[in-house]
Amino acid sequence: MADSDTPHTPPLLLPSAIHQAIQPGTALLRLETTQSRKGLLDGAWWPRTRDIETELPALISVLTGHLGPITRVGVDASAWNGLPPRLVVDGQVVHLDSDPVGDDTVLVTRGDNDHFALLVVPPDTTAEAAREAMARAVRADNITEAAQILIAATPDPAAGGAGGPAA
């Protein structure tokens, strides 16, 4: 069978049902808890606002259900409206660190040294761009850094479409 006869599924698209579910506040996760994690990112998160005290507890609750207790979260303080030193989520203290990781990732720590990196899609991102960025981030073979994923997924106003470089 020729390549042209092979059905082609776009590699960056999620199933249609997931497209409808992706709204601000959504987290898409590809959680591999073994040392063989190959992708640069373990998931993606699209918060609704820049209020970390409102947004982060729901993410931590979901992650705790999959990973166990979360002890620390590293974020870029300049990307959020205020950053307390800690939050209490579901009765557990989670320490917040202001790391120079950039506002395009959040680093979640389980236990002492087990880190998970999530792409943070800015709250004002269009649904189409957020879906594309999140789909790229959760691919097991992703080797693209978070900032580059966001640039590639953001429409270039000069070109009138997605995927162009930011000017």
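**Entry 1. Arg 110 and Asp 114**

I began with the side chains of Arg 110 and Asp 114, which meet in a salt bridge with N and O 2.2 Å apart. The model I am reading is a predicted one. I looked up the accessibility of the acidic partner and found that Asp 114 counts as partly exposed, because its relative accessibility is 22%. I then searched the whole structure for such pairs, and the search returned four salt bridges.

**Entry 2. Asp 97 and Arg 72**

I turned next to Asp 97, which forms a salt bridge with Arg 72. The closest N and O atoms of this pair are 2.8 Å apart. I noted where the partners sit: Asp 97 belongs to strand E5, residues 92–98, and Arg 72 to strand E3, residues 70–75. The pair thus links distant parts of the chain, with the two positions 25 residues apart in numbering.

I checked whether these side chains are buried or exposed. Asp 97 has a relative accessibility of 21% and therefore counts as partly exposed. Arg 72 is also listed as partly exposed, at 34%.

**Entry 3. Arg 136 and Glu 132**

I recorded a further salt bridge between the side chains of Arg 136 and Glu 132, at 2.9 Å from N to O. Both residues lie in helix H3, residues 127–137. They are four residues apart, so about one helical turn separates them.

I compared their accessibility with the cut-off for burial, which is under 20% relative accessible area. Glu 132 is buried, because its relative accessible area is 19%. Arg 136 counts as partly exposed, with a relative accessibility of 24%.

**Entry 4. Packing of H3 and H4**

How do H3 and H4 pack, in angle and in distance between axes? I found an angle of about 145° and axes 9 Å apart. H3 passes H4 in a right-handed crossing. On the H3 side, the contact is made by Ala 129, Glu 132, Ala 133, Arg 136 and Ala 137. On the H4 side, Ile 149, Leu 150, Ala 152 and Ala 153 take part. I sorted the residues of this contact by character and obtained seven nonpolar, no polar and two charged. Glu 132 and Arg 136, the salt-bridge pair of the previous entry, are among the contact residues of H3.

I followed up Ala 153, which lies in helix H4, residues 146–153. Ala 153 is buried, as its relative accessible area is 1%. I also took the C-alpha separation between Ala 153 and Ala 130, which is 7.3 Å for two residues 23 apart along the chain.

**Entry 5. Ile 70 in strand E3**

I returned to strand E3 to look at Ile 70. Ile 70 is buried, because its relative accessible area is 4%. Which residues does Ile 70 contact, once its neighbours within four places in sequence are left aside? I listed Ile 60, Leu 63, Thr 64, Val 93, Val 94, Val 108 and Thr 109. I further noted that Ile 70 and Asp 112 are 42 residues apart in sequence, with their C-alpha atoms 9.7 Å apart in space.

**Entry 6. Two loop aspartates**

I inspected Asp 90, found in the loop between strand E4 (86–89) and E5. Asp 90 has a positive phi of about 50°, although it is not a glycine. I entered this because most residues other than glycine have a negative phi. Asp 90 is exposed, with a relative accessible area of 62%.

I then looked up Asp 124, in the loop between strand E7 (114–120) and H3. Asp 124 is exposed as well, at a relative accessible area of 70%. Its C-alpha atom is 9.3 Å from that of Pro 47, and the two residues are 77 apart along the chain.

**Entry 7. The whole protein**

I closed with overall values. The secondary structure comes to four helices and seven strands. Read from the N terminus, the elements run α-β-β-α-β-β-β-β-β-α-α. Of the 167 residues in the protein, 38% are buried. I looked at contacts between residues at least 6 apart in sequence, and 58% of these join residues at least 24 apart. The accessible surface comes to about 9,100 Å². Carbon and sulfur atoms account for 53% of that surface.

Note on methods
Residues numbered from 1 in each chain as written. Predicted model: local features only at pLDDT ≥ 70, side-chain atom pairs only at ≥ 80, totals over all residues. Heavy atoms only, no water. Buried < 20%, exposed > 50% of the residue type's maximum accessible area, 1.4 Å probe, protein only. Axes fitted to C-alpha atoms, helices over the stretch in contact; angles between N-to-C directions. Left-handed = near helix turned anticlockwise from the far one by under 90°. Contact = heavy atoms within 4.5 Å. Nonpolar A, V, L, I, M, F, W, Y, C, P; charged D, E, K, R; others polar. Areas by Shrake-Rupley, 256 points an atom, 1.4 Å probe, with all protein chains shown as cover.
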